[in-house]
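Here is a quick tour for anyone who likes to poke at coordinates. Have the viewer open while you read.

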Amino acid sequence: MVYLMKRFNAKLFFSFSNCQSVFLSGLLLMLAISTVTVSGAAMARDIPPDPLNSIMWTSMAERFMPEGEIVFDDRVKVMAPFSAEDQFHVPVTVDASQLDNVEKIIIVADLNPIPLVMNMRPVKALSYIGFRLKLQQTSPIHVGVKTTDGVWHVGYAVIDAAGGGCTAPAAAHGNADWMRTLGQTRAIASRTDNSSARMTMRMRHPMDTGLAVGIPAFYLNELEVKNSAGELVASLELFEPVSENPTFTLRPQVGIEADTLSVSTRDTEGNLVDFALSIPAASDS
Amino acid sequence: MRRKHTLLAAASTIAMGVAGLSGSVQALDVSIEEIMNDQASGDDIVSYGLGPRGQRYSPLDTLNKDNIKNLYPVWSFSFGGEKQRGQESQPLIKDGVMYVTGSYSRMWAIDIKSGEELWQYDARLPEGILPCCDVVNRGAAILGDKVYFGTLDAKMVALDAKTGKVVWRKTIGDYEAGYSYTAAPLIVPTDAHGPLIVTGNSGGEFGVVGAVEARHPDTGELVWSRPTIEGHMGTLNGEESTMTGTRNESWPGDMWENGGGATWLGGTYDPDTKLAYFGTGNPAPWNSYLRPGDNKWTSSRIAINPENGEVEWAFQSTPHDGWDYDGVNEFISFDMEKDGEVIQAGATADRNGFFYVLDRTNGEFISANPFVQNITWAKGIDENGRPIWDPENRPGNPAESADGKQGKAIFAVPSFLGGKNWMPMAYSQNTKNFYIPSNEWGMDIWNEPVTYKKGAAYLGAGFTIKPIFDDYIGSLKAMDPATGQVKWEYKNKAPLWGGVLTTAGGLVMTGTPEGYLKAFDDETGEELWKFQTGTGIVSSPITWEQDGEQYVAIVTGWGGAVPLWGGEVAKVVSYLNQGGSVWVFKIPEGLASR
């Protein structure tokens with residue numbers, strides 16, 4: 001009975017919030033296929049079955065990993081609690097640092113009303129991201145890591161959760177003057193070894209999903225890290241399921257010299273928050 | 001019949017295919033020239049007021065006095081949610097898309113053919129906003145590939161017109177000090193900086209300082225600012241420019257520091273004189289005994305050179321105001337024929353009940369005539385444009401009362417909501433008349449002591465509104481600006497709170513709080529057509545042409561200042577229901593010629 005209920009809910013959410021974008025990506029897919037046929041290359045791909053048996057897996061793969069071969073790969077490690085004690089702040093760590101030539105990392109919570117959590121591009125960073133997300137209900141988490149050869153390497157976890165993480169108002173709204181602290185950030189960076197560092201940040205932001213009654217969507221949607229040479233270290237495109245007061249851990253690649261990381265963020269209202277983090281030289285640490 | 005249907009469908013598919021193709025190749029790109037020529041082009045509306053002069057006159061004549069009886073709704077779009085309240089917005093139209101703002105700082109893009117939403121932007125407002133007079137918005141501006149509007153927390157937002165995503169967002173004022181923003185932004189051309197987006201501010205009831213500010217449309221970066229109150233410094237290119245007036249010339253002590261003069265209704269621009277005209281609000285506080293002097297430039301019209309933000313001229317309609325007679329009402333440029341001469345004139349119907357005509361090149365006074373009845377606060381306007389006060393009808397000084405707590409109450413006409421409030425009038429190039437949405441009401445008003453406190457109401461007055469006549473308050477009047485004669489009048493039971501549109505087809509259109517959108521004969525005032533929208537109308541109608549058909553649109557939703565401040569008037573309006581929609585009308589195919 002419970003299983004059936006969940007299944008029904010999931011379908012409902014799917015058709016409700018996402019039919020338009022599904023339709024669009026469907027169109028794109030058709031275009032892509034017809035082009036491929038003309039050039040005589042391989043036909044439509046097979047989407048491998050999901051080890052978690054998620055009823056949403058095929059549509060998640062079609063929407064968020066639209067082209068290229070899909071393989072389940074143990075090198076994409078998704079670390080998450082078995083059961084979420086707080087469905088508003090569920091800690092998840094993705095480590096795909098054993099994979100080379102990573103282009104982007106897509107994180108999806110299949111049964112959230114808004115499934116896409118983030119799209120990360122590690123340019124001069126390890127394929128590693130720690131963060132927290134909101135869960136509406138028990139859900140599989142799928143992480144697609146696309147390498148430059150066009151292959152999606154997929155890892156997964158399942159998190160048990162009580163309901164309501166995405167449709168309840170943010171805790172900040174208990175305070176009438178929450179906007180005064182908007183964007184306040186704590187961050188720290190340290191050197192791990194001769195070639196990498198670790199940075200963690202936490203920003204005050206309600207990360208409103210737009211699904212709580214009377215509260216429009218309002219969330220941090222862009223985060224970019226650059227090094228002192230101005231090179232892009234990593235860029236993150238963020239979506240509504242990222243938790244309130246979002247927390248991120250990244251692992252930038254650095255040289256042995258001291259470096260300064262510039263972090264810039266922007267939310268959906270155009271609020272900008274920028275700050276810098278220094279990494280000591282290898283000889284100093 | 002069936003066969004004809006199929007053929008039509010096939011034809012429209014082809015047309016859509018072509019339109020879709022050109023749409024995807026050409027990004028939206030509204031030029032400053034299009035905005036300046038907006039009045040002449042009937043196929044779009046890219047400015048507030050149907051052209052920079054704000055005449056609200058459309059050259060379209062497909063819809064006329066004979067066929068308006070066939071005007072029917074095409075679609076209605078709901079603003080949704082629980083956030084209804086007053087809807088005072090005028091939509092913009094470009095390339096088959098309507099851009100319309102609503103209460104609580106929201107905006108929508110709607111496909112005009114289908115009435116379907118393309119996107120919605122919902123500003124995330126803080127809890128502590130301080131709008132004095134309902135959570136309204138009056139409209140957007142459009143330039144290049146962006147649409148612009150101001151929010152209740154005193155921010156200016158630029159949105160990508162295709163997606164509704166925020167491009168930039170800048171602060172106009174501190175919302176915790178009482179600043180907010182409700183007017184439609186104005187776009188003006190300059191030689192020095194290119195097109196600029198020019199805004200005023202709101203918050204006159206909280207002792208803010210009125211200002212006009214110009215920003216770069218691409219970045220939101222401030223180019224110049226011009227405070228309206230004597231003694232404050234303006235800025236140009238990030239540096240102090242000049243002081244407005246001379247400090248303490250018409251203000252005592254430090255009262256100028258929180259002097260009011262909010263430019264809360266935005267402005268107009270005249271491409272002939274190359275001046276931007278802004279009106280300024282009441283002085284703060286309302287108790288006039290605390291600020292002896294003329295209190296410049298409150299309750300005034302100021303003409304600003306958009307190249308540098310300097311004041312070219314100013315005209316004060318109510319010096320030393322003691323009745324909350326804001327001077328914000330729109331200043332409409334028009335060419336007036338009088339005694340065989342053509343005068344570069346401008347006209348404005350003031351809160352204080354007088355209709356002023358000025359020389360728009362230099363601000364010189366030409367004439368002032370009452371447009372509401374039984375005005376008591378002044379006996380008239382002298383030959384220099386200065387009111388002849390009636391000392392009996394200025395509320396008394398509380399300092400002269402026995403306990404010092406309340407001055408003598410008097411009855412003044414018009415009321416503080418004005419002979420005319422924010423709702424814009426229209427000027428017909430057809431009849432050479434102005435069509436003024438006005439109200440016949442007065443008030444009991446008395447003064448109290450008050451001191452300034454950040455974020456608190458700064459009034460020092462108490463008041464209650466009373467109708468003057470038993471059977472009506474609202475009054476739409478046709479006025480000849482050359483003679484000051486009222487040509488015709490339409491009386492409405494509830495106060496009128498919506499703007500007016502007039503067309504080359506001989507129509508005058510406005511909405512009523514009772515929910516009707518109405519059309520009148522521009523020569524006689526005869527009511528030709530009405531449609532019940534289901535909630536009160538407090539916004540300004542528009543008309544445009546698309547695919548060879550003339551459309552009309554009106555935003556509906558009862559609210560605004562009347563139900564909040566209405567006094568005895570509340571009885572007339574308390575039964576009116578809220579709403580939040582935009583209605584679009586046209587004449588069904590084949591009926592235009594009947």
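What follows covers chain A as a whole, its sheet, one residue in a loop, and the contact with chain B.

Keep in mind that this is a predicted model. Chain A has 285 residues, and 38% of them count as buried. Its secondary structure comes to two helices and 15 strands. Among the contacts in chain A with a separation of 6 or more, 69% are between residues 24 or more positions apart.

Now the sheet. Six strands of chain A form an open sheet in the order E2-E3-E6-E13-E10-E9, with antiparallel pairing. Strands E2(A) and E9(A) each have a single partner strand, so one side of each has no neighbour in the sheet. From one strand to the next, the twist averages 10°. Inside the sheet, E6(A) and E13(A) run antiparallel and are joined by four bridges. One residue pair to look up is Ala125(A) with its bridge partner Pro252(A), which sits in E13(A).

| Strand | Residues |
|---|---|
| E2 (chain A) | 77-79 |
| E6 (chain A) | 125-133 |
| E9 (chain A) | 185-191 |
| E13 (chain A) | 247-252 |

Next, is Val242(A) buried or exposed? Val242(A) is in the loop between strands E12 and E13 of chain A. It counts as buried because it has 25 C-beta neighbours inside 10 Å, and the cut-off for that is 20 or more. Setting aside residues up to four places away in sequence, Val242(A) touches Val117(A), Met118(A), Phe131(A), Leu133(A), Met207(A) and Tyr219(A).

Finally, the contact between the chains takes ten residues from chain A and nine from chain B. On the chain A side, four are nonpolar, three polar and three charged.

Methods. Residues numbered from 1 in each chain as written. Chains lettered and ligands numbered in written order. Predicted model: local features only at pLDDT ≥ 70, side-chain atom pairs only at ≥ 80, totals over all residues. Contact = placed C-beta atoms within 7 Å. Nonpolar A, V, L, I, M, F, W, Y, C, P; charged D, E, K, R; others polar. Buried ≥ 20, exposed ≤ 12 C-beta atoms within 10 Å, placed from the backbone. Pairing = 2+ DSSP bridges. Axes fitted to C-alpha atoms, helices over the stretch in contact; angles between N-to-C directions.
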